[in-house]
Amino acid sequence: MARRVALVSLLVADYDEAIAFYVGKLGFDLIEDADMGGGKRWVVVSPGSDGTNFLLARAIGDQAEAIGRQGGGRVWLFLHTDDFAGDHARMNAAGVKFLEEPRHEAYGTVAVFEDLYGNRWDLLHPGA
């Protein structure tokens, strides 16, 4: 039996601003944007064909308190790339906020960035 994590829900404040960031600034693909009625949408973005997709879930009520804090202030999302320099330069030019300069670790080349809500991500070229 083949299994994989297909979707990770990511709480957002607004569908359109989240799409603008993940698609426009990070370069993700918009896979689906379906109206579910009542102001709710099914919005799925993907970093690429080999990545786990993200369901951009608009927070409702008390869920809004967790926007940008789903990882408890730690890096909790890891965007792997085979073109670190190109992705880093493109994301910088698009206005993505990097919290540090790229560094080389035993596990690869990495730099921490924040998404539009403050969630921390690693841009990571494993083994590089």
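Okay, let's start with Phe 54: its relative accessible area is 7%, so Phe 54 is buried, given that the cut-off for buried is under 20%. Keep in mind that this is a predicted model.

Now, who is Phe 54 paired with? Its ring forms a tilted aromatic pair with Trp 121, at 5.5 Å centre to centre and with 50° between the planes. Phe 54 sits in strand E4, residues 53-58, and Trp 121 is in strand E9, so this pair ties together parts that are 67 residues apart in sequence. Trp 121 has a relative accessibility of 1%, so that one counts as buried too.

Trp 121 has another partner, and that's Tyr 22. That pair is also tilted, with 6.2 Å between the centres and 45° between the planes. Here Tyr 22 belongs to helix H1 and Trp 121 to strand E9, so the link is between parts 99 residues apart in sequence. Like Trp 121, Tyr 22 is buried.

Okay, zooming out a bit. How many aromatic pairs does the count come to? Eight. And there's one aromatic cluster made up of Phe 21, Tyr 22, Phe 28, Phe 54, Phe 98, Phe 113 and Trp 121. So you've met Phe 54, Tyr 22 and Trp 121 already, and they are among its members.

Next up, helix H2, which runs over residues 84-93. Which of its residues are buried? Those are Phe 84, Asp 87, His 88 and Met 91. If you look down the axis of H2, these buried residues fall within an arc of 100°, so they line one face of the helix. Flip to the other side of H2 and you find Ala 85 and Ala 93, both exposed.

And what do the buried residues of H2 pack against? There's helix H1, residues 15-25, and then three strands: E6 at 97-98, E8 at 108-114 and E9 at 120-126. H1 and E9 should ring a bell, since Tyr 22 lies in the helix and Trp 121 in the strand. One backbone detail while we're here: just after H2, Gly 95 takes a positive phi of about 95°.

Last stop, the surface. Leu 7, Met 36 and Trp 42 make a nonpolar surface patch of about 270 Å². If you want to find Met 36 on the screen, look in strand E2, residues 29-37.

That's my tour, from the aromatic rings, through H2, to the patch. Happy to go back to any of these on the screen.

Key: Residues numbered from 1 in each chain as written. Predicted model: local features only at pLDDT ≥ 70, side-chain atom pairs only at ≥ 80, totals over all residues. Heavy atoms only, no water. Buried < 20%, exposed > 50% of the residue type's maximum accessible area, 1.4 Å probe, protein only. Helix = DSSP H or I, 4+ residues; strand = E, 2+ residues; numbered from the N terminus. Arc of directions from axis to C-beta. Contact = heavy atoms within 4.5 Å. Patch = residues over 30% accessible without salt bridge, like charges linked within 9 Å, V, L, I, M, F, W, Y side chains within 5 Å. Areas by Shrake-Rupley, 256 points an atom, 1.4 Å probe, with all protein chains shown as cover. Salt bridge = Lys/Arg side-chain N within 4 Å of Asp/Glu carboxyl O. Phe/Tyr/Trp six-rings, centres within 6.5 Å; stacked < 30°, edge-to-face > 60°.
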